[in-house]
Amino acid sequence: MAGGGGGGGGGVSPLGPAPPMWYHRDLSRAAAEELLARAGRDGSFLVRDSESVNGAYALCVLFQKHVHTYRILPDEEGFLAVQTSQGVQPKRFKTLPELVSLYLQPNQGLVTTLLYAVDREETAVTDDRDYSDGEDEKPPLPPRSASTSTPPGPETPTESTLAANGLSTISHEYLKGSYALDLEAVKQGASSLPHLNKTLVASCKRLNGEVDKVLSGLEILSKVFDQQSAFMVTKMIQQSVNQGGDQELENLVTKLAILRDLLSSIEKKALKALQDMSLSSPCSPPPFSMRHSKAIPVQAFEVKLDVYLAELTKIGKSQKYTLSVDVEGGRLVVMKKVKDNQEDWTTFTHDKIRQLIKSQRVQNKLGIVFEKEKDKSQRKDFIFASAKKREAFCQLLQLMKNKHSNQDEPDMISIFIGTWNMGSVPSPKSVASWVLCRGLGKTLDEMTVTIPHDLYVFGSQENSVCDREWVESLRAVLKEQTELDYKPIAVQTLWSIKLAVLVKPEHENRISHVGMSSVKTGIANTLGNKGAVGVSFMFNGTSFGFVNCHLTSGNEKIARRNQNYLDILRLLSLGDKQLSSFDISLRFTHLFWLGDLNYRLDMDIQEILNYINRKEFEPLLKVDQLNLEREKNKVFLRFAEEEISFPPTYRYERGSRDTYVWQKQKATGMRTNVPSWCDRILWKSYPETHIVCNSYGCTDDIVTSDHSPVFGTFEVGVTSQFVSKKGLPKSSEQAYIEFESIEAIVKTASRTKFFIEFYSTCLEEFKKSYENDSQSSDNVNFLRVGWSNKQLTTLKPLLSEIEYLQDQHLLLTVKSVDGYESYGECVLALKSMIGSTAQQFHTYLSHRGEETGNIRGSMRVRVPAERMGTRERLYEWISVDQDETSGPKGKSTMVSRVGHEYVKQSVVRKQLGELGKVNEEGEKNCKEENAARSKQDTPDGDSSIGKNSFNNPAYYILEGVPHPSAAELLSSPTSPTALPVKAPPPSAGTRTKPPPAASGPAHSRRTVAGHPSRGVSEESSSEDDGGAALAGAQGGGIGGTVGSTLNRPPPDFPPPPLPKGALETAAEAQLSKPRSLYPDLAEVRIPPAGPAGPLVMGDGFRRGAAGALDDQSCSVLQMAKTLSESEFPGQPPRAPSAPPPVRVPTIGILDACRTFPPRNPIPESIAEDMPEEALWGSSSSSLSVGESSVGEWLQRLGLERYEPGLLHNGWDDLEFLSDITEEDLEEAGVLDPAHKQILLESLRQQQQQQK
């Protein structure tokens, strides 16, 4: 493994001759803490690369369950030293091993002596030939070289392995035998070594043949571009024929020299030849860049007026109307037919149309507010032929308003995004259906397909066409369809992965700060056959990022794909360099991620084909690997994806879209490639920004590849480069961003101090807070830190206008004082913080794609009165019907504000009284993304179910590290709170669909392939922490339909297994008192021993069946919040790491402690052993009064397996167990450090109770 870090003094590698096993290179801080926590012994240590300083290292040491981090910095001479306090002379070393060897000795200034090295896990390098599964017919370009062949393993070497190591084998034979003959010849005066020459000729035999092949290919190119070299190449090839003997090796060296010269010069000569050809050919006419697109014809929509029966007599019999939209003329004509074929019509100019109001409940209904007279308006509701027609009408009216706006800069743009794996075959002559979004899935109406988009982004994989030819072909297609000459602003290529961005000519000057980057994730992360390319830029004041990737293929390589994503997220260098502390998912206002992600379907091939034939995609989406990994927070944290309503785009028979080719005979055997949605488009946007996906589908007429092209179109709000009309603010007109307090829970075993850095484009430079002035921990794996007002700096924006500030965002990163490394980042919108009183914010922290904690606080953005003027944005012109309070009957197409989870207290209170009401002025919280993903079969009336909050560390469990006892969730045998409710158990090993809703048609499942909008029923009190979130535990559903709102935790948070008998009865706990809206985080504590409440679970335990429960990517946080903010009768608060009662088709746990662990755990439970759930346990992890034997005590802990060993060693009496030590436990067979800690902690609690 190559070292990362600065070079040592005198050219010595800082890692010594070979990297030591305790050096983990680019291991993340969180992963390092997990490894040390698993080691579990004081003095355990490892060294990794620093995340904050390039070339530096971090020494991580475990002591008393806490991880201490020391920075190792190189000086100007390359010597290494542990960073010391000011005034302390550092000790300097040439290499890391020398440094570590000193601290292996006691009393060297660290918190403890380095005792136990935690070695890295050496993973065998595998030859991931992604095309071996049939995805690629041949290796991608550039071709794989012989140097990438797999190293020999312990098995019998294959023919290719022997060939790769032929030189080694022949060399050994020479040294064993022929070497002596050559030595003897030299002694006799020989001037050559015939046997060595023969050895070298034999070992280079394959090389000789390969060189001949390459030279033959270059001969053809040379004849075209370099005739002088071509003659030499031809001559050399002729000389090499039938040449052998002593001159063969010399000839090979000559050919290699010529080959080197040819390769270094052929490209330059070819370029010169092509330039000469282009100059001699007649010039093409210059592009007419200012030419406008073809005029949009007047479009007519047949509608009906939506009226009440009582009003029918007032308006006559006719309800049929025609709405004619004249985009070019800026007019809307409303015409109705009257008797004798006469027509009554009214014309409204664009400025007289005040607002469009979409109905959520009736998807084809639209309200239009017309200005009749000054300060007087009239609303009319129309029913369109379909929801698609309504959307087309809205798009045309928006286009009309934008075209005739008096604003110099646009408020909103339209973006086309396409991704296509071309299968290493050139595209067909026409790809019009791709750019026009025609085909299957959610497509645009024919009235709007030809309207040009402002940006076109084309991502392709396995694209064998050269860059210039590819871009020109795309421009030609766009020119043909739109009559516009689109300008390429960026083209980035990694082998056959390409990303091209083209923009309307009128926007060319609005593009700035263009950046491009690529990351290789192929074999050993060095080959570009897999990887990603990215492009970023500013559109006026809005930042955009686009990533096109091609991830590892193969049905079973899920973990490798996940790692590909994380590597790209971390290594892709895009956006503002000042934001290096943030991964690319937080660097842009809008980030779009597209490509061949290669996630497959986990289902039998025949079942998949049956579902596809019946056009039933929902069961397939439930087993889509990408959806499942997103549900577990493994990848694409808080990204959104539109609902998938088109068939799998891979793997088709080339030349047809009627047949999937799912089997292919390979040299390694028969390969199966099940039809899958490999090609996807996802996005992530800042909170309180405007983005709507208008289409998401695939073509059905482009058949050259085994993948179908995928398209998506987006309506995106943008900001202008704001220019203050009042100039720079005076001191009396200065706006301020003030913080009252901030509190965070961070997933870490460290106990260092922290500070916060604030970044924003509205700040002249980033600002830092002081160190936190409060710190506490109820759990070794989590740390609660707080900053009071005096520790937080007041921020001064560059401009003070509210119109400017309401579009700004603030990026926060929580960093440690010891290593200056980030422990979590987040983004806040200033829009909801503007006001004279402090507003609360509450959101999650993430780092390197992983959720690492949560943060909340109160702040205000104070704007002087003279700077308060603002205007309505174009995208605010369309709103959602605020009078409708019932859930939608169909699929919602509501305008959304996708972003990170975000809470404003005043909005919460407002929404409690106005269920489902939407405030388009910005006070609406930003949860549409996850609501869209989670929408499923939910009863219409069950809208009071609360959403998640971020105030409890229970979600953040270190994998493989014990945490508080899950057994404490199980009801005690005497618990009176469990009331039996019959519910059918799920069948083991099968995936079951939630029961249908009690009334009304079921909604479409939108687990992770969700629409970026949600129904009104899901708008209700989405931030209500005041009891609504516990509706599930209060029995908010009807009979068996309760199961449709179950919010299941991700599989990587294992619930305790259930006994077989517990599947028969269940209970929903009754709460004794409502929760406070925002409970103090300090109240979330590990409870003392006492009776525990019931745990109620649903069928299976896979998250995703919940409809109204909002946050699909953080469900355990929702569960944890329930525990931390509520109490059951007669019991203390639960531990902050225990899951709460969950809504069901319910199954009860009445005597689970007695029969634990169960004989028949619930399907899909990931729990393996009770001890893994039971570290800091309460009632179930301490000695109870009723326990009279060692066996009963062990059984309550779930560790009865150790009873024979303890009894054999004489530990048969509970009274003597208090004297037991770790060594005694090891002698009794308790070797697992986690299990030893559980036992000793339980005994310690018992001693405290006796005192």
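Two strands pair if DSSP finds at least two bridges between them. Helices (H or I, at least four residues) and strands (E, at least two) are DSSP runs, numbered from the N terminus.

This is a predicted model, in which local features need pLDDT of at least 70, side-chain atom pairs count only at pLDDT 80 or more, and totals for chains, interfaces and linings use all residues. Residues are numbered from 1 along each chain as its sequence is written, and side-chain values use heavy atoms, with hydrogens and water left out.

Eight strands form an open sheet with mixed pairing, in the order β9-β8-β7-β6-β12-β11-β10-β36. Its edges are β9 (343-349) and β36 (878-880), each of which pairs on one side only. Within the sheet, β11 and β12 are antiparallel partners joined over eight bridges, and Glu373 faces Lys376 of β12.

Helix α10 (residues 387-403) lies across β6, β7, β8, β10, β11 and β36. Its 17 residues should span 24 Å at 1.5 Å a residue (counting one less than the number of residues); the end C-alpha atoms are 24 Å apart, which agrees. Among the buried residues (under 20% relative accessible area, 1.4 Å probe, protein chains only) of α10 are Phe393, Leu396, Leu397 and Met400.

The pLDDT, the predictor's confidence in each residue from 0 to 100, averages 73 over the protein chain, and 63% of the residues score at least 70. Two stretches score below 50; their contacts (heavy atoms within 4.5 Å) beyond near neighbours in sequence are listed here.

| Stretch | pLDDT | Contacts |
|---|---|---|
| Residues 281-291 | below 50 | eight contacts |
| Residues 885-1186 | below 50 | 847 contacts |

Where pLDDT is low, the predicted coordinates should not be read in detail.

How values were computed: Axes fitted to C-alpha atoms, helices over the stretch in contact; angles between N-to-C directions. Buried < 20%, exposed > 50% of the residue type's maximum accessible area, 1.4 Å probe, protein only.
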